[in-house]
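Welcome! Take a moment to look over the sequence and the fold, and then let us walk through them together.

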Amino acid sequence: MTTVIDLRHYSQGNLPDGFKQMLIDVHADCYAAAMDDEFNQRFSWFADHWTAMNGFSCIVAYEKAEPTGFAYGAPLQPGREWWRSTAFQPNNGYTATFAVSEVMVRPRWRKQGISQRLHEALLEDRTEDLAVLLVDVTHPKVQELYKTWGYEKAGEQQPFADSPLYSVMVKRLHP
């Protein structure tokens, strides 16, 4: 039986009551086995940070009233794009970049294509030239998945002292 998933778009300025707590709860379910990691415990800070960013955009997947996952991000300021520390060269200097900060689906709803639907919906109307995301280098299957979505690995970085080492992956939105 195929689950009917409803995608809903939220952006800075139209976040309902309890929105950040919903993000935190979904994250806690997705990372239940790794919540003893201090970096994962700081997710509420990241939720506050990203939802306050200009241009914040989030797609939440629901089965009836139950959130099954989400994808969110925001445009990065010129010169602060995550790929800047790599050898990646944008086409003809087109550098406007949308950061895909999170794509996660709760365990019960995985392997149904929901993450790809969330990702596509998040980037569907973006006017930026590039999308960028970070993937833990210890997750090669996730990196391969993103490659099938049009991303290429540009390099690696560790944005925080307590964060994992990440692969920086870039996708040209308007080739």
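In this predicted model, the lining of the largest pocket is made up of 29 nonpolar, 13 polar and eight charged residues. That gives a lining of 50 residues in total, and those nearest the centre of the pocket are Tyr 31, Ser 101, Glu 102, Val 103 and Leu 134. The space they surround has a volume of about 1800 Å³.

Where do these lining residues come from? Helices and strands both take part, with at least two residues each from helix 1 (19-30), helix 2 (38-41), helix 3 (43-51), helix 4 (114-123) and helix 5 (140-148), as well as from strand 4 (97-105) and strand 5 (130-136). If you would like one element to follow by eye, choose strand 4, which gives the most to the lining of the largest pocket: six residues.

Now let us follow the chain to the loop between strand 3 (66-75) and strand 4, where you will find Glu 81. Is Glu 81 buried or exposed? Its relative accessible area is 4%, and buried means under 20%, so Glu 81 counts as buried.

What does the side chain of Glu 81 meet there? One partner is Arg 84, whose side chain makes a polar contact with the side chain of Glu 81 at 2.6 Å. The Glu 81 side chain also reaches the backbone nitrogen of Gly 79, at 3.0 Å. Looking past the neighbours within four places in sequence, you can find Glu 81 in contact with Leu 76, Thr 95 and Thr 97.

Note on methods
Residues numbered from 1 in each chain as written. Predicted model: local features only at pLDDT ≥ 70, side-chain atom pairs only at ≥ 80, totals over all residues. Heavy atoms only, no water. 1 Å grid on protein atoms, 1.4 Å probe; cavity = no way out; pocket = protein on both sides within 12 Å on 5 of 7 lines; lining within 4 Å. Points joined across faces, edges and corners; volume = space filled by probe spheres on them. Helix = DSSP H or I, 4+ residues; strand = E, 2+ residues; numbered from the N terminus. Nonpolar A, V, L, I, M, F, W, Y, C, P; charged D, E, K, R; others polar. Buried < 20%, exposed > 50% of the residue type's maximum accessible area, 1.4 Å probe, protein only. Polar contact = N/O pair within 3.5 Å; in protein donor to acceptor, adjacent residues only side chain to side chain. Contact = heavy atoms within 4.5 Å.
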